Amino acid sequence: MNHKDRVCAAICFLPAAAAVIYGGIICAVNSGSRFYLVWFILGAFLFGTGACFAAGVHKKLPKASTTVIRLILLAAAALLVVTWAMILPHFGDHGQPGAAALIIPGAQVRESGPSTVLKYRLDAALVYLEKNPLTVCIVSGCQGPNEPFTEAYGMKAYLVGHGIAEDRIRMEESAQTTAENLAFSQLMLPSPDSAVVIVTNDFHMYRTLHIAAHLGYNNVTGEAAGSAKLFLPNNLLYESFAIVKNVVQGNM
């Protein structure tokens with residue numbers, strides 16, 4: 001193995017280890033999603049690529065094969081650049097004051113309370129609702145197989161426990177996806193033209209607003225809640241896949 005191959009192998013092995021470790025961290029959080037497997041797959045791919053460099057296998061591959069691999073990697077990189085360029089500008093979004101309704105899409109709930117992702121949304125919603133006492137709140141989310149109750153119920157309990165009156169909160173307990181969160185919540189608005197603020201995490205805001213626009217929300221803004229910086233790479237990568245999926249499904 002020459003010096004160039006050793007460098008290429010090292011360049012693959014180091015991020016491979018980082019990807020596997022990061023995937024393990026994401027898995028340990030028990031967010032209810034299996035997206036952490038992507039990091040293990042990425043780690044395995046990088047490790048395999050590094051092993052090919054170390055063994056000199058890459059020199060025996062047909063030129064067409066290496067060209068295809070390069071094109072796939074370039075396409076993946078382009079997808080990330082394009083989607084992240086759309087997502088990141090919405091990190092500072094602020095909802096219009098005095099909206100008729102505020103919608104909170106659901107996320108993982110546990111017996112002990114909301115997950116970290118959902119807590120960010122709920123805390124941002126609390127600030128808005130306290131500043132806008134006439135705004136009603138719609139909490140949306142069904143009960144997943146690994147949840148003790150519906151996400152809507154868990155969100156309502158959290159909000160009420162932090163001082164929001166029960167009669168200001170409407171529960172939508174059937175939605176399983178962001179598109180359903182918004183479609184089902186739309187039916188609960190005071191009127192079709194109601195001013196609406198959607199509260200969700202910064203990384204999730206771009207997709208949410210574009211799904212809302214596709215559904216016919218014509219007076220909607222977003223209030224971007226924060227997110228844990230450690231999990232931001234995972235969340236951004238997930239959003240890239242989710243944007244493609246929702247475009248294919250015709251949701252945005």
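This is a guided tour of a predicted model, moving from the whole chain to its sheet, its helices and one loop residue.

**Whole chain**

Start with everything shown. The chain has 252 residues, of which 43% are buried. Its secondary structure consists of eight helices and seven strands. Along the principal axes, the C-alpha atoms fill a box of roughly 70 × 35 × 30 Å. Take the contacts between residues at least 6 apart in sequence: 75% of them join residues at least 24 apart.

**The sheet**

Next, select β5, β4, β1, β6 and β7, in that order. These five strands form an open sheet with parallel pairing. Which strands lie at the edges? They are β5 (169-172) and β7, each of which pairs on one side only. Look along the sheet to see the twist, which averages 25 degrees from one strand to the next. Now add α7, which packs on the sheet and touches β6 and β7. The direction of α7 makes about 165 degrees with that of β7.

In general, strands of a sheet pair through backbone hydrogen bonds, either parallel or antiparallel. The next stops show pairs from this sheet.

**Strand β6 and its partners**

Select residues 196-201, which make up strand β6. Six of the six residues are buried, so β6 is largely enclosed by the rest of the structure. On one pairing, three bridges join β6 to the parallel strand β1 (residues 101-105). Find Ile103 and look across to Ile198 in β6, which stands opposite.

Then turn to β7 (residues 220-225), which runs parallel to β6 and is joined to it by six bridges. Here Val196 has Val220 of β7 as its bridge partner. To follow the chain from β6 to β7, trace it through helix α7 (residues 205-215); this β-α-β crossover is right-handed.

**Strand β4 and its partners**

Select residues 136-140, strand β4. Is this strand mostly covered or mostly open? It is mostly covered, with five of its five residues buried. In a regular strand, side chains alternate between the two faces of the sheet. Colour the two faces of β4 separately: Val136, Ile138 and Ser140 lie on one side, and Cys137 and Val139 on the other. Both faces are covered, as these residues are all buried.

How many bridges join β1 to β4? There are five, and the two strands run parallel. One place to check is Pro105, whose bridge partner in β4 is Ser140. β4 also pairs with β5 in the parallel sense, over four bridges. On that pairing, Cys137 stands opposite Ile169 of β5.

**Helix α5**

Now add residues 151-161, helix α5, which forms a right-handed β-α-β unit with β4 and β5. Show the side chains of its buried residues: Glu151, Ala152, Gly154, Met155, Lys156, Tyr158 and Leu159. What covers them? The cover includes β1, β2 (109-110), β3 (113-114), α4 (116-131), β4 and β5. Step just past the end of α5 to Gly163, which takes a positive phi of about 100 degrees.

**Thr150**

Go back to the loop between β4 and α5 and select Thr150. Is Thr150 buried or exposed? Its relative accessible area is 13%, which is under the 20% cut-off, so Thr150 counts as buried. Leaving aside neighbours within four places in sequence, show what Thr150 is in contact with: Val109, Gly141, Cys142, Gln143 and Glu173.

**Helices α3 and α8**

For the last stop, select α3 (residues 63-87) and α8 (residues 232-249). Two packed helices are described by the angle between their axes and the distance between the axes. The axes of α3 and α8 come within 10 Å and cross at roughly 95 degrees. That crossing makes α3 roughly perpendicular to α8.

Show the side chains where the two helices meet:

- from α3: Leu79, Leu80, Thr83, Trp84 and Ile87
- from α8: Leu236, Leu237, Glu239, Ser240, Ile243 and Val244

Colour them by class to finish: the contact of α3 with α8 has eight nonpolar, two polar and one charged residues.

Terms used. Residues are numbered from 1 along each chain as its sequence is written. This is a predicted model: local features need pLDDT of at least 70, side-chain atom pairs count only at pLDDT 80 or more; totals for chains, interfaces and linings use all residues. Side-chain values use heavy atoms; hydrogens and water are left out. Axes are lines fitted to C-alpha atoms, for helices over the stretch in contact, and angles run from 0 to 180 degrees between N-to-C directions. Angles under 35 degrees count as roughly parallel, over 145 as roughly antiparallel, 65 to 115 as roughly perpendicular and the rest as oblique. Contact means heavy atoms within 4.5 Å. Ala, Val, Leu, Ile, Met, Phe, Trp, Tyr, Cys and Pro count as nonpolar, Asp, Glu, Lys and Arg as charged, and the others, Gly among them, as polar. Buried means under 20% relative accessible area, exposed over 50%, partly exposed in between (1.4 Å probe, protein chains only). Two strands pair if DSSP finds at least two bridges between them. A crossover is right-handed if, with the strands pointing away from the viewer, the path from the first strand over the helix to the second runs clockwise.
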